[in-house]
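The exercises below are to be worked through with the sequence and the coordinates at hand. Each one sets a task and then follows a solution step by step.

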Protein chains: 2
Amino acid sequence: MPAVDALALDRQVCFALAAASRSVIGLYRPVLEPLGLTHPQYLVMLALWESSPRTVRNIGEALALEPAPLSPLLKRLEAAGLITRSRKVDDERSLDVELTVAGRALRSRAEGVPAQIVERLGMPVAELEATRDALTRLLEASR
Amino acid sequence: MPAVDALALDRQVCFALAAASRSVIGLYRPVLEPLGLTHPQYLVMLALWESSPRTVRNIGEALALEPAPLSPLLKRLEAAGLITRSRKVDDERSLDVELTVAGRALRSRAEGVPAQIVERLGMPVAELEATRDALTRLLEASR
DNA sequence: CGCTAACAATTAGTACACTAACGAATTACT
DNA sequence: AGTAATTCGTTAGTGTACTAATTGTTAGCG
């Protein structure tokens, strides 16, 4: 393949990925705004609704995120009253992140979010799941 | 489907999308670093290698980007000596962005980028193309 | 036992991205 | 013609992300 075409394909793949990511996250914005959450904060809450407490590093592994961006994000969630942050008793290097009552309560309001997004996208659920699986393979291949 | 499944992290398209986007862009970082480009800057240069000059708005439409983040980004490319920024003569609201000689010259060094990424991913090109098509449909559906 | 290596989280610095507000220029309408 | 509505780019403010350096803590080894 000539380099000119390789640049074109590359432009298509990395552009499609970055643009779709920005655009889909933009769809979440008005849906999450009433909950007082940004999209990365929503992902952290999803991780905590699955399991709480868990450490900063453990959340980072679940979300493929470094502790660096999590640190200020978690402070905002703490300021919003959704989580508590406290050093582990058996290892003071680690920070336990735990849902508050308000954080747990927010879950029921968040349960409608996925359906709203799927409806807004107007794509068959099967195609969304296939795309998600393709993205998961891409994620695995890239790390 | 119970809400417990709807909120499962590993079922979320938005998580796979955000994580894959961050991770793949991370792959570009060491490859683009010798060129002195970040990933969004690389996308802008790709757009300019296809057509130059073009206006800020026109670049934004090609990349699905608002003028707001483009404005400081283009100033950095100008500071790097890769582009020039000048008001259009026939409409002084618009800004013409044009490649410099150095900007055009950078293209030959960038032509090796796609192959490096594809090789690093280790995925069949056909699967990459299928994923690109799925992402394009997702992008279209989301805007 | 003490020193060092490894580890967890935070911080600093740079660069995006979004919304909203703004200033300057152009077009449209009466 | 002249005002109003649009359009284009920039800026301010908030919130991510990344790398690298830092602080504090634990574990391992001679």
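Helices and strands are DSSP runs, of at least four residues for a helix and at least two for a strand, and they are numbered from the N terminus. The model is a predicted one.

**Exercise 1. Determine which elements supply the surface near DNA strand C, and describe how that surface meets the strand.**

Step 1. Residues within 4 Å of the strand are collected, and 25 residues are found to surround DNA strand C, the closest being A:Ser71, A:Lys75, A:Arg85, B:Thr38 and B:Arg76.

Step 2. Assigning residues to elements shows that α1, α3, α4 and β2 (83-87) of chain A, together with α3 (39-50) and α5 of chain B, each supply at least two residues of this surface.

Step 3. Sorted by class, the surface near DNA strand C comprises nine nonpolar, five polar and eleven charged residues.

Step 4. On the strand itself, 88% of the atoms within 4 Å of the protein belong to sugar or phosphate, and the rest belong to bases. Individual contacts to phosphate oxygens of DNA strand C include a polar side-chain atom of B:Thr38 at 2.3 Å, a backbone N or O atom of A:Arg57 at 2.8 Å and a polar backbone atom of A:Val56 at 3.2 Å.

**Exercise 2. Carry out the corresponding analysis for DNA strand D: how many residues surround it, and which are the closest?**

Step 1. DNA strand D is surrounded by 26 residues, with A:Thr38, A:Gln41, B:Ser71, B:Lys75 and B:Arg85 as the closest.

Step 2. Of the strand's atoms within 4 Å of the protein, 84% are part of sugar or phosphate, the remainder being part of bases.

Step 3. Two side chains of chain A can be placed against phosphate oxygens of DNA strand D, A:Gln41 with an N or O atom at 2.5 Å and A:Arg76 with a polar atom at 3.0 Å. In chain B, an N or O atom in the side chain of B:Arg29 is 3.5 Å from a sugar or linking oxygen of DNA strand D.

Step 4. The elements that give two or more residues to the surface near DNA strand D are α2 and α4 (67-79) of chain A, along with α2 (13-32), α4 (56-63), α5 (67-79) and β2 (83-87) of chain B. By class, this surface has nine nonpolar, five polar and twelve charged residues.

**Exercise 3. Characterise the interface of chain A and chain B, beginning with how many residues of each chain are in contact.**

Step 1. The contact involves 55 residues of chain A and 56 residues of chain B, and the two chains bury about 5,100 Å² between them, with 68% of this area on carbon and sulfur atoms.

Step 2. Two salt bridges are found across the interface, including one between the side chains of A:Arg137 and B:Glu127, at 2.7 Å from N to O. Twelve residue pairs are in polar contact between the chains.

Step 3. On the side of chain A that touches chain B, α1(A) gives the most, with 23 residues, and by class that side has 36 nonpolar, seven polar and twelve charged residues.

**Exercise 4. Find what relation holds between chain A and chain B when they are superposed.**

Step 1. Chain A is superposed on chain B, with an RMSD of 0.2 Å, by a rotation of 179 degrees with 0.0 Å of shift along its axis; that is the relation of a two-fold axis.

Step 2. The C-alpha of chain A nearest the axis is that of A:Ser21, which is 3.3 Å from it.

Step 3. Because 96% of the interface residues of chain A are also interface residues in chain B, the copies meet through the same surface.

Note on methods:
Residues numbered from 1 in each chain as written. Chains lettered and ligands numbered in written order. Predicted model: local features only at pLDDT ≥ 70, side-chain atom pairs only at ≥ 80, totals over all residues. Heavy atoms only, no water. Contact = heavy atoms within 4.5 Å. Buried area = accessible area lost by both parts, 1.4 Å probe. Salt bridge = Lys/Arg side-chain N within 4 Å of Asp/Glu carboxyl O. Polar contact = N/O pair within 3.5 Å; in protein donor to acceptor, adjacent residues only side chain to side chain. Nonpolar A, V, L, I, M, F, W, Y, C, P; charged D, E, K, R; others polar. Least-squares fit on C-alpha atoms with pLDDT ≥ 70 in both.
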